[in-house]
Amino acid sequence: MDAKHSSSPDYSDSPAARLLAWYDRHARDLPWRAKAGETPDPYRVWLSEVMLQQTTVAAVGPRFSAWVERWPDVASLAAASDEDIMAAWAGLGYYARARNLVKAARAVVAEHGGRFPSTEAGLRDLPGLGAYTAAAVAAIAFGERAVVVDANVERVVARLFAIQTPLPAARPAIREATDRITPDARAGDFAQAMMDLGSSICTVKKSQCLLCPIAVDCRARAEGIAESLPAKAPKKARPYRHGTVFWIERKGQVWLVRRPDKGLLGGMRALPTGPWADERPGLTDAPAKGPWVMLNDTVVHGFTHFELELALARIDGEPAASVAGEWWPIADLGTAGLPTLFARAADRLKGAGE
DNA sequence: GAAACGTGGTA
DNA sequence: TTACCAAGTTT
């Protein structure tokens with residue numbers, strides 16, 4: 001091999017070059033990706049990146065398509081009501097994303113003339129855009145050379161450089177290593193290629209190194225430790241909590257409330273509940289006077305940081321005057337935008353009075 | 001740095 | 001079945 005005397009890096013012989021060549025052949029066809037020759041739409045890039053936070057491509061696909069059909073641009077989204085937006089997000093989880101989505105859309109319209117900021121720093125100031133999303137939108141939508149690090153990139157890079165420090169302590173080293181291999185051109189494609197690689201080949205278990213375009217660069221593969229990386233600190237056990245969910249029915253309608261704007265399931269329509277505690281709260285904080293009928297059944301739902309078992313109580317009657325809420329036709333409950341937890345409880349409760 | 005914050009798929 | 005995990009952000 002001839003020695004190079006140029007001061008510029010030999011781009012053709014780099015992990016980025018190998019990865020981009022692979023991406024040109026194997027990129028996934030996803031609804032939010034611009035097709036060859038198309039200019040990326042920052043609105044679609046932003047929306048998809050927010051939907052994809054901690055959420056699988058499979059779950060996002062149909063939700064993204066329905067969303068852009070209803071709100072095709074940032075102006076239409078900014079003009080929509082909070083209520084409609086929260087209901088449209090129901091089932092996707094992490095509802096702070098939807099609350100921030102509205103705020104960001106309105107900020108883009110009110111403070112940026114309806115156009116997204118085109119730099120990573122400008123994007124970072126919008127609600128709901130953290131280090132990852134700001135970098136991803138800057139790179140994918142605007143072609144900026146940004147260092148994009150998500151969980152896929154963390155895994156690929158930890159293996160590529162055999163970084164054995166456990167997460168999250170390894171993050172600074174991983175970011176620095178990612179910076180070193182990020183190309184000046186096509187940073188957006190590079191980021192998406194890294195994520196495609198991480199999701200399809202360099203997977204958590206059973207990484208398929210024989211198919212990997214940068215296996216030749218990979219130190220973990222050379223050392224036979226790919227699948228043990230990245231190391232992670234052990235997780236804490238999730239506590240188990242109890243609660244009661246209340247179903248008040250009258251003339252084919254059920255009483256729904258809106259949860260407080262902050263906290264778990266914040267801003268979402270819901271069935272009334274009592275406190276969530278270590279012990280079964282029974283009828284504590286019941287939203288109507290008895291006689292409540294307890295179903296001989298519970299709903300168990302796992303959240304990120306605790307598991308919840310809900311007892312199911314129902315009554316035919318009226319809510320107490322102090323309980324704010326609205327009647328909702330039981331036949332149309334699917335349009336109420338209930339989080340999954342309450343949708344599941346409602347499935348058990350409706351019809352239980354017959 | 002750690003905890004809060006949802007849900008559904010996979011092994 | 002239990003445990004882990006996914007294109008993270010905010011406090």
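In the predicted model, a phosphate oxygen of DNA strand C is placed 2.8 Å from an N or O atom in the side chain of Thr133. Two further side chains approach the backbone of this strand: an N or O atom of the Asp150 side chain is 2.8 Å from a sugar or linking oxygen of DNA strand C, and for the side chain of Asn152 the corresponding distance to a sugar or linking oxygen is 2.6 Å. Asp150 and Asn152 also belong, together with Leu52, Gly128 and Gly130, to the residues that come nearest among the 23 around DNA strand C. Of the atoms of DNA strand C that come within 4 Å of the protein, 62% are accounted for by sugar and phosphate. The surface near this strand comprises 9 nonpolar, 7 polar and 7 charged residues, and α8 (131–142), α9 (151–160) and α11 (187–200) each supply at least two of its residues.

Helix α8 was examined further. Its 12 residues reach 16 Å from the first C-alpha to the last, close to the 16 Å expected at 1.5 Å a residue. Because 10 of these 12 residues are buried, α8 is largely enclosed by the rest of the structure. The buried set includes Thr133, as well as Tyr132, Val137 and Ile140, and the buried residues of the helix pack against α2 (42–51), α7 (120–124) and α11. After α8 comes Gly143, which has a positive phi near 70°.

In UniProt, an unreviewed entry lists residues 51–200 under "domain: HhH-GPD". Over residues 51–200 the chain is 65% helix and 0% strand, with the end C-alpha atoms 20 Å apart.

DNA strand B is surrounded by 19 residues, of which Tyr95, Leu265, His301, Thr304 and His305 are the closest. Sugar and phosphate make up 64% of the atoms of DNA strand B that come within 4 Å of the protein. Contacts with this strand involve backbone as well as side-chain atoms of the protein: a polar backbone atom of Tyr94 is 3.0 Å from a sugar or linking oxygen of DNA strand B, a polar backbone atom of Leu264 is 3.3 Å from a phosphate oxygen of the strand, and a polar side-chain atom of Thr304 lies 2.3 Å from a base nitrogen. At least two residues of the surface near DNA strand B are supplied by each of β4 (293–302) and α13 (340–349). By class, this surface has 8 nonpolar, 10 polar and 1 charged residues.

Definitions and conventions
Residues numbered from 1 in each chain as written. Chains lettered and ligands numbered in written order. Predicted model: local features only at pLDDT ≥ 70, side-chain atom pairs only at ≥ 80, totals over all residues. Heavy atoms only, no water. Near = heavy atom within 4 Å. Polar contact = N/O pair within 3.5 Å; in protein donor to acceptor, adjacent residues only side chain to side chain. Helix = DSSP H or I, 4+ residues; strand = E, 2+ residues; numbered from the N terminus. Nonpolar A, V, L, I, M, F, W, Y, C, P; charged D, E, K, R; others polar. Expected span 1.5 Å × (residues − 1). Buried < 20%, exposed > 50% of the residue type's maximum accessible area, 1.4 Å probe, protein only. Contact = heavy atoms within 4.5 Å. UniProt positions renumbered as here; feature names shortened; annotations may be inferred.
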